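Here is a short report on a protein model, written for a first look. Keep the structure open as you read.

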Amino acid sequence: MLKLVRRSTFQRMRRRLARLYGPERVDQLADRLYAMIGRYGVVADPNNNPKELWDERDAVLITYADMVQKKGERPLVSLKEFCDRRLRGAINTVHLLPFCPASSDGGFSVIDYREVAPEHGTWRDVQTLGQDYELMFDLVLNHCSRKSAYFKDFINGVLPGADFFIEPGEDWDISKVVRPRPWPLLTPIKRVDSETKVWTTFSDDQIDLNWACPDVLFEFLDILLFYIAKGARIVRLDAVAFLWKEPGTECIHLPQTHEVIKLIRDVLQTVAPEVIILTETNVPHQENISYFGRGDEAHMVYNFSLPPLLLHALLKEDTRVFGDWLAGLGETPAKCTYLNFTASHDGIGVRPLQGLVPDEEIDWLVTQTRERGGLVGMRSIEGGGERPYELNITYRDALDDSQDSRKGVARFLCSQTVAMSLKGVPALYFHSFVGTHNDQEGAAAGERRDINRKRWNKSELGELLDQTDNDHSVILNVLVSLLTRRGSHPAFHPDARQIVLETDRQILAFLRESLDRQERILCLFNFSSEPYPIDETWVRERLHGAAGDIRNMLLGSRMEFQDGRYQASPFQGFWMAASKEK
Amino acid sequence: MAKNIGFISTRFAGTDGVSLEADKWARVFGEDGHQNFWYSGRSDRARDISMCVPEAFFGHPENLWINEHIWGVTQRSGMVTDRIQELAWYIETTLRRFVRTFEIDIIVVENALTIPMHVPLGVALTQFLAETSLPTVCHHHDFYWERTRFSVNAVRDYLDMCFPSTLPNMRHTVINQAAQEQLALRKGTSSVLVPNVFAFEEDPPGIDDYNADFRREIGLAEEDIFILQPTRIVPRKGIEHAIKLVALMGDPRCKLIISHDAGDEGLQYQNELVDLARESGIDMRIVADRISERRQLDGQGRKMYTLWDLYPHADLVTYPSIYEGFGNALLEAFYFRKPVLINRYAIFVQDIEPKGFDLVVMDGYVTRKAADHVRYILTHREARERMTETNYQLACRYYGYNALRNRLRSVMDSL
């Protein structure tokens, strides 16, 4: 087979292997890597230019494989039917949360990375979904299940699995390790002929993998290629910040972790340049975007600051903190962008608020969450005591208003419109699309996060969405309509320029300008529960002195200014553009 | 003169037949002053004398992918050829490193040029041995022509070239006479018959503190008759005959205990057996969840036992196999001095039976006579002991380590 591998890229991969595993092993590891190129038929087509990584039509549905359930029907089949019937045109990508056999943590404790859990369906179902939608898979690469074959081999001392996990000896200094969970870092384990302790960042069922062992790297590169062969277009590197461990360090964001991501990027550049790496690092913003590297690591990072800041701004009816943060985001490296989301299977992390708003404001947000039936995850802090780290509530309920449900719906729709207007690729959680309320029963029976992980009965959901007079169907129809419209505006290309404008505190406004500068859209949102008068002159100036009609692309209608003013309703959003009609 | 011997196989781990037999050869080589080193895709051997190359394991995902595209079809794509060659190329680089690292003098290929479960490994080995002319002993356990699943394939070219290859620097050993004849017929090459062996020169382990509670743990009463089927649950083991035997015994104290589960060959046969046992009114128990390769605790804190913890408790061993490459479980039963019901499978008839073993035999189906014979053996201690002692002594003579040593020395001398 003729392998098209750039000499410079291959040399770079060799250097990365040497940095990770030492120069003495690099020849063998480079041979091993070279042999992988083309595995499962994953190889760049020399006759085709790789397609653009993204454009304005990209929108992601975040969902569990079994979100829609019907007795006797494989959930993946039900999910595709839902997407086809309800979301066609609005989304083009489905992020299937982990669908492999797993033992805990909502699928993030994977037992077998190459199987589809039979209760969800089959690979054929996944690939059928992939015929009509781009697919996003999780690569859970920091840890695996205690029930995995790897761990069984570790227990029994069978190579290569015997080296797949980390047994920090007594001489390992683990005092500085950054902990995302309150329970012990090390978990005692009985091996065949000895007792030991293994590294467990997240739980005693999720054993951290030893990436200092090259066999782990090659196993996961193989899984990566396998997923691509099965249709993955975006690969989400789960909890990747914790990947590499070194004694005496914080064991988070280590240079070797970045090196592994760069190596993965090089491999993809060689065999599948159209595949996107998304890193999942729920950490403060600067640390989060460090995973862009110099444009040589993740193509995309989650915009983790967005959900709590947007929530805070909408509930406070004050955009100053949010607007300042947005204005200070800065440019991403070339071919890098954000995945803009407001909700996912996890809770709303409040760490991004720290330093931006006083602690009393965070406490206020906690109170608001609890008043709306939500739950709050707390973490221990140095010197004793606890601080909130995560709000567990559906985004819809987080923005609800107990006195006025219409206001709650309007505020929620405003939040989603803001998120999809921002620079980046929008991703909506299933429960945002259908406006799911908190699943109190689920949380009571399971864990805190289950409050936002409801599984819908197919017929129950279908009945709700077929009616036109309930909030669920209203929310779905509006969001589908907005995303569909969004896809026809190059100004919403993820790389299109974004200019945040100075406004009154109750207003958020920014401009989006298409890459060819032919389209300019003024995105404006009233974050207040009071009407707000929009000044026509101000709008026209922002739109380069547009003289003709101003259209609101959200509604596809002309904006009727009265005496130079347009009265924005509470929580109303606008995509204003100068009409092209003469 | 002492040599460095490099054992090569897809796997050296656990208690599969190839791993166990390779161990026995290594022991004999070691006793003769040689040094043994191990190359495989899965390995439980000591790290300082082994090299584990995951791509060489037959269960490696890429090899499984290749297998999906070459068996059961008669044509393969260029991409599949590419991947076979690519994997073979990489494996060959690791073989070179293995030989260089451990200064290997003689290669022993354990079944990797025999059964084509890993075609790229076979290709890599053949090319490597052709290029280096390293003295090589091929230890053949089971050839592809003995398995129907390999009969329709898209790799006839590779099978002809590598399974086995017949290079001048190679000596071939087989474990039964039929294989010897087929190898000569198909490949025109001679071979030495080296049957599987067992440590008959040493006393078998018995009941100790660890395994004393096994019968109780699986729910057997003191008076129960423990009939052991010490195999995986796959169709060629003919386990339905063991069920029939127990049914014919008509004694509710008889409990049929199967040590292993279906493994990776699917549950259909196992489910059929469970139904058959229920319909036949016999008590059959599959205790695979309590059996491990080593004594240890399971996830629930329960004791796990090895197969050797079961044998001392057994009253009878059933071995009604339809086909076996040799029959290691039979040797184990001789070793533990247990009476055996056996089906006259071909290799048994040709290679083992003529040695004069005293067994309860069936010929394709279980008869009342066979059941009566079993009943007699179980109830007459002297006859039973005479029978098992005869078998032990014969096995010691033909299938002990001394027999193996003599044959291996002769093979080594011919290199």
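How much area does chain B expose, and what share of it do carbon and sulfur atoms supply? Chain B exposes about 16900 Å², and carbon and sulfur atoms supply 49% of it. Such accessible areas come from the Shrake-Rupley method with a 1.4 Å probe; for residues, only the protein chains shown count as cover.

This is a predicted model: local features need pLDDT of at least 70, side-chain atom pairs count only at pLDDT 80 or more, and totals for chains, interfaces and linings use all residues. Residues are numbered from 1 along each chain as its sequence is written, chains are lettered from A and ligands numbered from 1 in the order in which they are written, and side-chain values use heavy atoms, with hydrogens and water left out.

**The two chains**

The table sets out some values for each chain. Buried means under 20% relative accessible area, exposed over 50%, and partly exposed in between (1.4 Å probe, protein chains only). Helices (H or I, at least four residues) and strands (E, at least two) are DSSP runs, numbered from the N terminus.

| Chain | Helices and strands | C-alpha span along principal axes | Buried residues |
|---|---|---|---|
| Chain A | 18 helices, 25 strands | about 85 × 55 × 50 Å | 62% of 582 residues |
| Chain B | 15 helices, 17 strands | about 65 × 50 × 45 Å | 58% of 415 residues |

The radius of gyration is taken over C-alpha atoms, and the globule rule is 2.2 Å times the number of residues to the power 0.38. For the 582 residues of chain A, a compact globule would have a value near 25 Å; chain A has 24 Å, which agrees. For the 415 residues of chain B, the rule gives a value near 22 Å; chain B has 22 Å, which agrees.

Now take contacts, meaning heavy atoms within 4.5 Å. Among contacts in chain A between residues at least 6 apart in sequence, 70% join residues at least 24 apart. In chain B, the matching share is 72%.

**The cores**

A nonpolar core is a set of buried Ala, Val, Leu, Ile, Met, Phe, Trp, Tyr and Cys residues joined through side-chain atoms within 4.5 Å. The largest one has 225 residues, and Phe322(A) and Phe433(A) have the most contacts inside it. Helix H6 (residues 214-229) of chain A gives the most to this core: eleven residues. Leaving aside residues up to four places away in sequence, Phe433(A) touches ten residues' worth of neighbours, including Leu61(A), Ile91(A) and His472(A). A second, separate core of 39 residues includes Val287(B) and Phe348(B).

**Backbone details**

Which peptide bonds are cis? One joins Leu159(A) and Pro160(A), with omega about 5°. Pro160(A) lies in the loop between helix H5 (149-156) and strand E6 (186-190) of chain A. Another runs from Phe163(B) to Pro164(B), with omega near -10°.

Lys335(A) is not a glycine, yet its phi is positive, near 60°. Lys335(A) is exposed, because its relative accessible area is 57%. Arg337(B) also has a positive phi, about 55°, although it is not a glycine. Arg337(B) is partly exposed, with a relative accessible area of 30%.

**One residue in chain B**

Asp160(B) lies in helix H5 (residues 156-162) of chain B. At 48% relative accessibility, Asp160(B) counts as partly exposed. Asp160(B) touches Tyr144(B) and Lys187(B), not counting residues up to four places away in sequence.
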